[in-house]
Amino acid sequence: MPERKHVVIIGGGITGLTAAFYLQKEAKEKNLPITYTLIEASDRLGGKIKTIHRDGFVIERGPDSYLGRKQSLTKLIEHAGLEEKLVSNETGQAYVMSGGKLHPIPEGAVMGVPTKVGPFIKTKLFSKAGKARAAMDLVLPRREGADQDISVGHFFRRRLGDQVVENLIEPLLSGIYAGDIDRLSLQSTFPQFQDVERKSRSLILGMKQNIPKASERPGTYGKKKKGQFLTLSSGLESLVERLEELLEPESIWKNKKVSGIEREETGRYRVELEDGTNTHGDSVILASPYSVAKQLLPEQIRVDEFHSTPSTSVATIAMAFPASALKNDINGTGFVISRKEPTTITACTWTHRKWPHTTPEGKVLLRCYVGRANNQEIVFESDEAILKAVLNDLDKIMDITSEPDFYYVSRWIQSMPQYEVNHKQLWQKLQNNLSAHYPGVYAAGASYEGVGLPDCVASAEKAVTHIIKTLR
């Protein structure tokens, strides 16, 4: 009988949970002698995924959805038996706030890149000079050294000019990473745009060619064609709860903090805990942020330049109102804000419109975001101070003067990893170091190959695939 192998998973967020689930699934289905221990420092699993159910509302305190075309999370949801809970977002007009006004995002804009002439010409988001500068993309040559990594900001400014970047592209893209687009890596965040320039030269023409025809566009999960994002009607935390139910209880260690990892002469790893105890594994998955993981590794494995900029801190505030509180109820799904605007909030989702299942009849649910890469002070203010600042902004934008029925402030301190220029190359260097000095130890999660939930799930699957191949 083959020798039993053990895997230690450090971190119980969605990455660690996924790794444990797929390790257990593969071991059972293929009769593999592999066991695991999932170690989480806090008293709960799921990391940033948190859902509140109150008075008929479904309120997400962390991520509220995921991009449906990234199918790794949908596959996990299906394996967990929750596919019937999948719903897609309602589509509607989204806006950008610039110059103190809400402007509809021009029809045909793909992540801020215009693909239709008419709406772009008509919009008041840009001056005539700004529109003329953007049109230069049609004649600009490809960038020399097109395979080299540059910042997202540098790439788009060269192709479309400062005005389009600052009034449209930056508000849309920076919100995903809560970062400074003039430092974010193009290759590691939006490589599709680099590919478009390489293949089509013009970004505008290339994006226009890549838009799928109506008959080719994916619909919702299920029947009707709606938006491109998916979530669970029961809240995303219901996935965390289901996965925990499916895992072996004795394999989950909560309230245990790892203090170090040491390779023994046998080739196995001793995982030391802060309480003085330890456990052993033939393989280890580091499913915690790199800022935590690097403290567990010896100096020769760490990559000093990797994530040298601390992760950004952000906060959200979800507010429930009676529908009558919105005197200026704009028809749409929400808005983002140009960083030149003197507002505290960076974006606002009209959750009751985008996700109708979250809100009872006659009520309104707004979710606002605060905290920028270069201005995070508001995140550390009191709940009351954040509410006051956000309501002040909303009053000017949407004519909301009343207090919410209730609200929840959620802070995520240094939670948004910054994929800066050359991130991909530094990540490869870290993997090489692990392979050379700590074979069988794998890093996975939002610090490495994508910050979205599907990216974390795919990262965990990749680590599990490597481990099973190696241990077999």
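Buried means under 20% relative accessible area, exposed means over 50%, and partly exposed lies in between. This is a predicted model, and that scale applies throughout the report.

**K85 and its surroundings**

K85 has a relative accessible area of 37%, so K85 is partly exposed. The residue sits in the loop between α2 (72–79) and β6 (86–88). Leaving aside neighbours within four places in sequence, K85 is in contact with T231, L232, S233 and S234. K294 is far along the chain from K85, at 209 residues apart. The C-alpha atoms of K85 and K294 are separated by 37 Å.

**Helix α2**

The helix before that loop has buried residues of its own. In α2, these are S72, L73, T74, L76 and I77. An α-helix has 3.6 residues a turn, so residues three or four places apart point the same way. Several elements cover the buried residues of α2. Among them are the helices α1 (14–29), α10 (237–246) and α15 (453–471). The strands β5 (66–67), β6 and β9 also belong to this cover. Just after α2, G81 takes a positive phi of about 80°.

**Aromatic rings**

The structure holds 16 aromatic pairs. A pair of aromatic rings is described by the distance of the centres and the angle of the planes. Two of the pairs are set out here.

| Pair | Centre distance | Plane angle | Type |
|---|---|---|---|
| Y269 and Y438 | 5.2 Å | 55° | tilted |
| F406 and Y408 | 5.9 Å | 70° | edge-to-face |

Y269 and Y438 link distant parts of the chain, 169 residues apart. Y269 belongs to strand β12 (residues 269–273). Y438 lies in the loop between α14 (423–437) and β20 (441–443). Both Y269 and Y438 are buried.

F406 and Y408 are buried as well. The planes of F406 and Y408 are at 70°, so the pair counts as edge-to-face. F406 has a further partner in R54, which lies over the face of the ring at 3.9 Å from the ring centre. A lysine takes a similar place elsewhere: the charged end of K354 sits over the ring of F229, 5.2 Å from its centre.

Aromatic residues also gather in a group. F155, F156, Y177, F190, F193 and Y419 form one aromatic cluster.

**D180**

D180 is found in the loop between α6 (162–177) and α7 (186–189). Is D180 buried or exposed? Its relative accessible area is 14%, so D180 is buried. The side chain of D180 reaches the backbone nitrogen of D182 at 2.9 Å. Not counting residues up to four places away in sequence, D180 touches R339, A373, N374 and Q418.

**Empty space inside**

Rolling a probe the size of a water molecule over the atoms shows where empty space is left. How many cavities of 30 Å³ or more does the model have? The count comes to one. The largest cavity has a volume of about 120 Å³. Its lining is made of 14 residues. Closest to the centre of the largest cavity are V58, E60, D64, T351 and T358. Three strands each supply at least two residues of the lining: β4 (57–60), β9 (229–232) and β18 (363–370). Strand β9 is also among the elements that cover the buried residues of α2.

Note on methods: Residues numbered from 1 in each chain as written. Heavy atoms only, no water. Phe/Tyr/Trp six-rings, centres within 6.5 Å; stacked < 30°, edge-to-face > 60°. Helix = DSSP H or I, 4+ residues; strand = E, 2+ residues; numbered from the N terminus. Buried < 20%, exposed > 50% of the residue type's maximum accessible area, 1.4 Å probe, protein only. Lys NZ or Arg CZ within 6 Å of the ring centre and 35° of its normal. Polar contact = N/O pair within 3.5 Å; in protein donor to acceptor, adjacent residues only side chain to side chain. Contact = heavy atoms within 4.5 Å. 1 Å grid on protein atoms, 1.4 Å probe; cavity = no way out; pocket = protein on both sides within 12 Å on 5 of 7 lines; lining within 4 Å. Points joined across faces, edges and corners; volume = space filled by probe spheres on them.
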